[in-house]
Amino acid sequence: MLLALMDAHRTGRNMPGIPTQTSPRENLQIFAGRRGWQLGILVPALVLGVFVIWLGLSWSEIAANGSAGFPIDFRVFWAAGRLAHLGEPLSAFSVDSLTAMHNVIKEDDWMPWSYPPAFLATLQPLGALPFPIAWLVFSIASIVAMIFAARPFAEGITPVWFAFALPPAILPTLFMGQTAALWMAGLLAALAALKNQRLVLAGFFIGFLTLKPQLGILIPFALLACRAWPTIISAGVTTLVISGLATALYGPEYWLEMRNMMAVHFSVVRETIVENNLMLSPYSTLASFGLPEPVALAVQWTITACAAIMVTITWRSPRIGFDLRAAVLALAVMLSTPYLWFYESALISAAGLFLLRAGVLTNSPWGLALAGAMWLGAAPAFFAFLFRGEADISIRLLFAPLLYLSCLVCIGAVVQRLRAPDYSSANDEVFQ
């Protein structure tokens with residue numbers, strides 16, 4: 001990968017960290033050559049191939065054991081959808097009921113259901129299917145959503161399109177049957193709509209991101225900063241409609257059960273945060289280094305507040321181009337939640353794409369190397385964890401340096417833009 005990226009550096013660029021005065025297409029042109037095609041076609045094909053092999057092995061084990069499910073996170077989604085399909089939606093808040101449904105028993109395994117009713121309504125049709133078929137449908141939906149969502153930001157360069165629709169960083173969420181790929185696709189779709197001034201459509205996509213609301217707490221700061229009132233109204237209406245319909249379907253008591261389960265889940269997470277090597281948030285990292293848990297959580301909320309300020313500044317300033325704004329938002333999303341799990345680290349690949357489009361990472365060999373690392377995401381650490389075991393590998397300690405370095409580079413680019421009042425470039429498509 002580095003050989004392909006280094007070719008661009010020989011053409012001569014500006015200082016590291018300073019966005020170049022070129023268009024997104026020019027910044028992505030490094031992927032249009034032979035090595036770019038190899039990178040953008042062969043690696044996504046490998047990603048798909050590895051996932052298909054994982055599916056096949058998993059299905060074989062399910063058939064051999066005669067079990068209903070498989071020990072991945074999707075078993076909870078399927079079991080909750082199954083209970084809803086059988087007319088027992090509130091039973092999804094019982095871990096025992098979930099376990100009885102998916103029949104996967106692991107020692108000291110805490111896998112509850114604590115999502116809004118609209119997400120359960122989305123999963124209910126999958127509950128009517130056998131687990132392997134439901135997992136396949138869910139995975140295909142995630143992959144197709146990413147393919148469509150990445151296309152608007154590829155500037156017509158096919159290798160870029162496929163490379164960032166199926167980056168290696170997405171493998172952990174595909175392996176676990178998690179929602180991060182769908183959530184990232186929704187965010188990319190919303191950003192594409194914002195970029196093209198389709199403000200109501202952007203709000204529609206953002207409204208559906210509330211199916212997993214903990215990742216989206218900084219999105220309102222971006223919308224308020226750029227005064228995207230039609231998007232804010234559209235997102236609010238979409239959220240109210242899907243929540244209202246789901247509440248009518250399952251009853252208002254659903255929210256009480258969800259609140260109670262969230263309180264229990266919060267307590268369990270706080271008790272196990274130190275030894276939980278699969279969580280990547282600053283909160284979990286600080287706690288793992290011995291900082292008292294309450295202090296680590298307080299520092300996390302301070303970081304969240306700082307991230308909100310950074311998003312507000314970048315999305316308000318006319319000196320910041322759209323791609324740099326999007327990169328700031330993607331990275332801030334990852335910093336803002338205390339519960340950033342390893343499969344949600346896929347979002348860093350989207351931030352890498354926006355930093356490439358903005359010209360931030362095309363200025364130097366180390367910048368291009370960082371782009372490659374963001375494209376890989378937590379996948380290398382995840383596979384090390386998968387094959388060597390939890391006792392030997394901490395995904396968060398392997399991934400944290402990449403996340404924080406990416407944030408520092410992004411902040412440096414923003415500062416450079418803000419300190420250059422006469423700066424202008426072809427990619428400053430500022431959303432007002």
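Are Glu344 and Lys212 buried or exposed? Select the two residues and you will find that both Glu344 and Lys212 are buried, where buried means under 20% relative accessible area, exposed over 50% and partly exposed in between, with a 1.4 Å probe and protein chains only.

Before we go on, two notes on the model. This is a predicted model, in which local features need pLDDT of at least 70 and side-chain atom pairs count only at pLDDT 80 or more, while totals for chains, interfaces and linings use all residues. Residues are numbered from 1 along each chain as its sequence is written, and side-chain values use heavy atoms, with hydrogens and water left out.

**Stop 1: the salt bridges**

Keep Glu344 and Lys212 selected and show their side chains, which meet in a salt bridge at 3.0 Å, N to O. The term stands for a side-chain nitrogen of Lys or Arg within 4 Å of a carboxyl oxygen of Asp or Glu. This pair links distant parts of the chain: Glu344 sits in the loop between H17 and H18, Lys212 in the loop between H11 and H12, and their positions lie 132 residues apart in sequence. Helix names follow DSSP runs numbered from the N terminus, with helices (H or I) of at least four residues and strands (E) of at least two.

By this rule the model has four salt bridges. For another one, select Arg357 and Glu155, whose closest N and O atoms are 2.7 Å apart. Here too distant parts of the chain are linked, with Arg357 in helix H18 (residues 347-357) and Glu155 in the loop between H7 and helix H8 (158-165), 202 residues apart. Arg357 is buried, at a relative accessible area of 0%, whereas Glu155 is partly exposed at 26%. Add Asp323 to the selection and you have a network of salt bridges that links Glu155, Asp323 and Arg357.

Next, pick Glu293 and Arg270, a salt bridge of 2.6 Å, N to O. Glu293 belongs to helix H16 (residues 293-316) and Arg270 to helix H14 (residues 253-272), so the pair ties together parts 23 residues apart in sequence. Glu293 counts as buried at 17% relative accessibility, and Arg270 as partly exposed at 27%.

**Stop 2: the largest cavity**

Return to Glu344, which is one of the residues lining the largest cavity. On a 1 Å grid over the protein atoms alone, a cavity is a set of points where a 1.4 Å probe fits but cannot get out; a pocket is an open set with protein on both sides within 12 Å along at least five of seven lines, and lining residues have an atom within 4 Å of a point. Grid points are joined across faces, edges and corners, and a volume is the space filled by probe spheres set on the points.

There are four cavities of 30 Å³ or more, and the largest has a volume of about 60 Å³. To see its lining, select Ala180, Trp183, Met184, Leu215, Val333, Met334, Leu340, Glu344 and Leu347. Helix H10 (180-195) and helix H17 (322-336) each supply at least two of these residues, and H10 gives the most, with three. By class, the lining has eight nonpolar, no polar and one charged residues. In this scheme Ala, Val, Leu, Ile, Met, Phe, Trp, Tyr, Cys and Pro count as nonpolar, Asp, Glu, Lys and Arg as charged, and the others, Gly among them, as polar.

**Stop 3: the second largest pocket**

Stay with H10, which also gives the largest share of the lining of the second largest pocket, seven residues. This pocket holds about 680 Å³ of space. Of its 28 lining residues, Ala145, Leu182, Ala185, Gly186 and Phe205 lie nearest its centre. The elements that give two or more residues to the lining are helix H6 (117-127), helix H7 (131-150), H10 and helix H11 (199-209).

**Stop 4: a loop residue**

Finally, select Arg227 in the loop between helix H12 (219-225) and H13. Most residues other than glycine have a negative phi. Arg227 has a positive phi of about 55° although it is not a glycine, and it counts as exposed at 55% relative accessibility.
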